[in-house]
Amino acid sequence: MGNNSCVAIYRTRERLKEAVRALRRSGSDMAKVSIVGRPADGGDTVSGLYVVEERIRLLESEVPFWKSLAEELGGMAWLVKPSSRVVVGALVSLLERLAEGGKGGSETSLTEEMLYTVGATRKSARCYEKAIDSGRYLTVVHGSLPEVERAHQVLLETSPEDIAIHLA
Amino acid sequence: MPSIPFSDKESIIRQLRKSPLFEPLAESLLVDMLRHFRRETWRKGRCSPSSETEKRFYVILSGRLKMGRINPETGRMVTLFLLKPGDVFDVISLLDGKPHRSTLEAIDDLELLSAGVEEVRRWIELHPQFNRGFLPYLGWQMRQLADLAGDLALHDTETRLARLILRHLDPDGPANSLHLIHDLSHEALGEMIGTVRVVVNRQLQHWQREGVILARRGRLEIQEIEALLKKAMRSLGSRNGKSRNRG
């Protein structure tokens with residue numbers, strides 16, 4: 001797990017999907033790409049999608065979107081409780097390790113820990129959480145400095161609302 | 001949808017204006033320059049050789065960065081610049097296009113903007129108002145290096161430490177308060193004056209006993225500025241002279 005990352009924020013699902021397609025077209029290592037967001041209604045009350053050890057439960061209407069992303073990024077997805085943030089892709093295994101290690105306690109959330117582990121500062125990680133909770137989607141590419149710089153070049157062309165490189 | 005804090009252009013421009021290079025520029029030019037900047041954060045403690053950064057020019061928006069040289073055989077470091085919000089690097093590589101053998105270390109979490117050096121060279125050529133901020137900044141950096149060289153050649157460790165502390169009096173803070181170096185480790189202070197941790201530690205303890213400074217909870221405070229000024233005024237020559245007179 002590289003401890004650097006490029007994080008891009010998107011307002012819409014269409015832009016997010018375009019970003020994932022752009023990364024794939026550019027030959028990026030998709031095993032280092034993740035998406036973080038929230039179900040449109042923020043709820044996890046109705047079961048419909050079980051991707052990783054039955055941890056994710058979403059409204060029926062939300063299933064196709066997250067499932068297609070999960071399939072695109074290696075089939076891993078996780079609904080982080082209690083925040084109802086959904087993580088899809090490579091960072092799911094990191095989330096699992098963090099959760100098993102007891103991270104994401106009262107002072108920090110699991111998603112903050114996850115973003116911190118891939119290079120974001122605490123302040124940035126909290127800003128990203130706010131962005132997610134206000135309906136945005138993150139594309140996170142982690143890896144070496146050249147890898148995240150390359151991802152930055154690719155994602156810059158996909159009109160993100162914000163984009164940054166985080167180095168640890 | 002509400003705007004997210006770090007994508008707010010106005011706030012980034014406000015931060016950029018803290019830099020002497022960007023402060024005098026027209027809003028429209030700053031907005032145009034922003035298109036060429038990349039937002040970065042570096043976590044506290046990140047060390048990178050300048051070879052990683054020599055193709056880009058960086059502006060610090062928040063946090064402190066140490067730029068220094070390391071002796072690879074001994075691991076000893078001398079700090080050339082302690083950079084703060086508004087400062088930029090690496091000016092030397094920007095100007096001569098050659099690698100600069102220095103090491104960068106984030107003292108705090110850093111927020112930065114970076115642009116390709118070719119683009120910044122274009123700004124120097126195209127925008128006289130950018131140059132008007134750039135040249136005095138270059139002069140300031142040269143003066144810093146001259147002060148460091150002069151201190152290392154002409155003053156003993158006690159004088160160098162006193163001068164370092166006095167150079168970091170906070171002009172905006174309460175009387176005799178320090179900024180930038182107030183919470184640095186003794187090792188980091190030593191690197192700024194060409195000595196080692198134990199020497200700084202011993203000197204600060206001595207001054208604390210004299211009531212000149214107060215070092216508590218990792219923070220340095222000046223108690224007797226006049227006494228510190230006297231220590232800073234002494235040169236190696238005058239001390240040697242005193243020794244000779246005594247002898």
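1. Helices and strands in this note are DSSP runs, with at least four residues (H or I) for a helix and at least two (E) for a strand, and they are numbered from the N terminus. The model is predicted. A:Ser159 sits in the loop that links helix 6 to strand 6 in chain A. The phi angle of A:Ser159 is near 50°, a positive value in a residue that is not glycine. Partly exposed means a relative accessible area between the 20% and 50% cut-offs, and A:Ser159 counts as partly exposed because its relative accessibility is 43%.

2. A second positive phi occurs in chain B, at B:Arg217, where the angle is about 50° and the residue is again not a glycine. B:Arg217 belongs to the loop between strand 9 (213-216) and strand 10 (219-222) of chain B. With a relative accessible area of 82%, B:Arg217 is exposed. As background, most residues other than glycine have a negative phi, and most peptide bonds are trans.

3. The peptide bond between B:Phe89 and B:Asp90 is cis, with omega about 0°. B:Asp90 lies in the loop between strand 6 (88-89) and helix 3 (91-96) of chain B. B:Phe89 also appears among the residues with the most contacts inside the largest nonpolar core.

4. That largest nonpolar core has 71 residues. The residues with the most contacts inside it come from chain A, as A:Val88 and A:Leu155, and from chain B, among them B:Phe22, B:Phe37, B:Trp42 and B:Phe130. Which residues does B:Phe130 contact, leaving aside neighbours within four places in sequence? They are B:Leu21, B:Phe22, B:Leu25, B:Met33, B:Val120, B:Trp123 and B:Ile124. In soluble globular proteins, nonpolar side chains tend to be buried together.

5. A:Ser34 is a buried polar case to look at in chain A, with a relative accessibility of 0%. A:Ser34 is part of strand 2 (residues 33-37) of chain A. Its side chain comes to 3.2 Å from the backbone nitrogen of A:Ala90. Residues up to four places away in sequence aside, A:Ser34 touches A:Leu73, A:Val88, A:Gly89, A:Ala90, A:Leu91, A:Leu138, A:Thr139 and A:Val140. One of these, A:Val88, is listed above for its contacts inside the core.

6. On the contact between the chains, 27 residues of chain A meet 18 residues of chain B. The buried area is about 2000 Å², and carbon and sulfur atoms give 56% of it. Of the area that chain A buries against chain B, 24% comes from A:Thr121, A:Ile165 and A:Leu167, more than from any other three residues.

7. Three salt bridges are found across the interface of chain A and chain B. How far apart are the closest N and O atoms of A:Lys123 and B:Glu111? In this salt bridge they are 3.1 Å apart. Between the two chains there are 10 residue pairs in polar contact. On the side of chain A that touches chain B, strand 1 (4-10), helix 5 (122-133), helix 6 (145-156) and strand 6 (162-167) each supply at least two residues. By class, that side of chain A has 12 nonpolar, eight polar and seven charged residues.

8. Chain B has 10 helices and 10 strands. Its C-alpha trace spans about 70 × 40 × 35 Å along the principal axes. Of the 247 residues in chain B, 47% are buried. Where contacts in chain B join residues at least 6 apart in sequence, 67% of them join residues at least 24 apart.

Terms used
Residues numbered from 1 in each chain as written. Chains lettered and ligands numbered in written order. Predicted model: local features only at pLDDT ≥ 70, side-chain atom pairs only at ≥ 80, totals over all residues. Heavy atoms only, no water. Core = buried A, V, L, I, M, F, W, Y, C linked by side-chain atoms within 4.5 Å. Buried < 20%, exposed > 50% of the residue type's maximum accessible area, 1.4 Å probe, protein only. Contact = heavy atoms within 4.5 Å. Buried area = accessible area lost by both parts, 1.4 Å probe. Salt bridge = Lys/Arg side-chain N within 4 Å of Asp/Glu carboxyl O. Polar contact = N/O pair within 3.5 Å; in protein donor to acceptor, adjacent residues only side chain to side chain. Nonpolar A, V, L, I, M, F, W, Y, C, P; charged D, E, K, R; others polar.
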